[in-house]
Amino acid sequence: MRCPVCHHDASPPRCGHCRRPLLEHAGNPVLQLSDVSHHYGSGEAAVQALGGITLSVDRGEVVLVVGPSGGGKTTALLVMGLLLTPDAGTVRIGGRDVGTLAERDRANLRLMRLGFLFQDYNLLTALTSVENVAVPLRYAGVRKSAALTRATELLDSLGLAHRAGHRPAQLSGGEKQRVATARALAMGPEMILADEPTANLDSATGRKVSEQLAAAARANDAAVVIVTHDSRLDDIADRVVHLEDGRILEAAR
Amino acid sequence: MIAVKNLLAEKTRLASAVFGVTLGVLLVLIMAGIFVGTTRQVTTYIDNSRNAVWVMQPGVSQMFKAVSWLPADTEGELRALPEVDSADPILGLPSDFVYNGTHTAYFVLGYDTATGVGGPWSLAEGRNVDQPGEVVLDRILAAKNKIGVGDTVQLVDEDFTVVGLSNQTAAATNYYTFISLPDAVRLLRAGDRVSYFLVQPRPGHSPEQLAAAITSEIPGADALTSQTFAENSRDIIVKMIGRPLKTMIAIAALVGIALVGLTMWALTAEQIKDFGVLRALGVRSDQLWRTVLTQGAVIAILGYLVGSALAYAAQTLVGDRLGDVSIAITPLMLVVVGLGTAVMAALGSLLPARRVGRIDPAIAFHR
């Protein structure tokens, strides 16, 4: 198999060149949610956040999850990102049922197979752009030189090579989100989960960032799930999933 | 990488964190340094007796909490021993120095001004005693009472003229004052008695052999090497001031742990969102533990280095200036405090690391 970071031929458990840990190649679909339910609180005060949703996402696919506030979008994203264990249902990442995994293994799956984008960018303020992008790689044990090379390449591909040495405070909102996109792509994930990535950006910048995210993900054969209120993103998506009151109302291509 | 970069990014935060550890290290080193310095200093008079064997009344094993009386004619018996090269009497008693209404505990010492044995070994000012009615005062005692060479002071119930000021003759709550032996005999109502004899062995005899010979050959007298006599005297002072000082050192260590703990807690609190983001990205709890502990280690090392440097600076600055209080920082003390700082940092980082290890990664999605 090819190492998703340095692109050298490699075999598990680690790439011999850059030291990235390698997992067995996962087939399609990347994500499978089967009849997933979740409640917050208990007894009469319990609030249903997800009411038995079923969803499947393939590699290279861009899926938009839309719907009103309180409809369960963020809960769904947390479940997909292995950050919340649902009350019922099955979650599979790369065909593997993650319901019984220990927290350590869930963290490992997040690092190896998933990438994240946040509304507030969540870049580490003490680090430069290139260092921020290299963070997941370094924690995965990738050699420093290989990590920085990979981070530089990703920033270059997103048109941010000239901002590699700048810290978040010196970047615009769009630049921050593109650095965050590079970070999400750094490990060569199979799926990127984005939570309102354009909410803090003006429409032109939001659109540009989203297009770049979709293009970069497709180029890396990664799926993208974007939770958003921004209907202008519909045309970059392969599919739009409408989530309301914890249920999927419609799924349209 | 993140541990160090996060620290360096906020210089003020880093400085205040290092300051917290520095304060803890400084507290412990200074307290321990005063303890060691003071206990070393209390025996400078014995240490400067040129390795003499001390002869004293049986039952007396230290200088500070016992009074030794020996017949003055013991000197002849001592000189008759084949192992003895010289034997010089000294007569000393603690007393109360009164000057301008101020009372200070001090030690009056009479010595043979012809040989100088038992007299001051270093003068800051003036000269040694060579006439009746003259005194050499400890310079710290003189300074505290604003006394100078040429002034008249009262010792017990007689007036003396200050002719010199001595160095290294002050220790915690004790100051030495030197007068001639005949003056001391009269002043202290000693009659034909002295306190100690300082005896030097003939070549070929060790102080230990000489001490053993005196103890077995001279009835009514014991002998100890100056090293043993100093150790015994130091022990009695350690017993007197050791407990409160050790308690203060322990309190300083606890304050140090608390400072490191609070510092690390505050530092972690400021970075909690970053740690949540890292957890969401897939960084494991144990990796974040390492990050927090690394930050603790960096802060502890910097704080230790700065604290040690400041403690050394304080030691140099204080030097002999205060006279009765000195700071002695030993290599062993630095090693122990270094290890203690590591423990302080580990303990202080434990709760923050535990907190970070338990962060809900979903915090990264909170707006």
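In chain A, four strands make up an open sheet whose order is β2-β1-β4-β5, with antiparallel pairing; strands pair here if DSSP finds at least two bridges between them, and strands (E, at least two residues) and helices (H or I, at least four) are DSSP runs numbered from the N terminus. The edges are held by β2 (47-57) and β5 (96-97) of chain A, each of which has a single partner strand, so one side of each is left without a neighbour in the sheet. Strand β4 (residues 88-93) of chain A is joined to β5(A) by two bridges, the two running antiparallel, and R92(A) stands opposite D97(A) in β5(A). Helix α1 (residues 73-80) of chain A packs on this sheet, where it touches β1 (31-40), β2 and β4 of chain A, and its direction makes about 125 degrees with that of β1(A); axes are lines fitted to C-alpha atoms, for helices over the stretch in contact, and angles run from 0 to 180 degrees between N-to-C directions.

The model is predicted: local features need pLDDT of at least 70 and side-chain atom pairs count only at pLDDT 80 or more, while totals for chains, interfaces and linings use all residues. Residues are numbered from 1 along each chain as its sequence is written, and chains are lettered from A and ligands numbered from 1 in the order in which they are written.

In chain B, the axes of helix α10 (residues 285-318) and helix α11 (residues 331-357) come within 8 Å and cross at roughly 150 degrees. Residues making the contact include W289(B) and Y304(B) of α10(B), and M344(B) and P352(B) of α11(B), two residues being in contact if their C-beta atoms, placed from the backbone, lie within 7 Å.

The domain assignment, automatic or from a database, divides chain B into domain 1 (2-42 + 241-365) and domain 2 (58-220). Their C-alpha centres lie 47 Å apart, and the contact takes seven residues from each of domain 1 and domain 2 of chain B.

Between the chains, the contact takes 18 residues from chain B and 24 residues from chain A. On the side of chain B, the elements giving two or more residues are α1 (2-9) and α9 (272-281) of chain B.

The table gives the composition of three contact sets, with Ala, Val, Leu, Ile, Met, Phe, Trp, Tyr, Cys and Pro counted as nonpolar, Asp, Glu, Lys and Arg as charged, and the others, Gly among them, as polar.

| Contact set | Nonpolar | Polar | Charged |
|---|---|---|---|
| Side of chain B that touches chain A | 11 residues | three residues | four residues |
| Contact of α10(B) with α11(B) | 15 residues | nine residues | no residues |
| Side of domain 1 of chain B that touches domain 2 of chain B | two residues | three residues | two residues |
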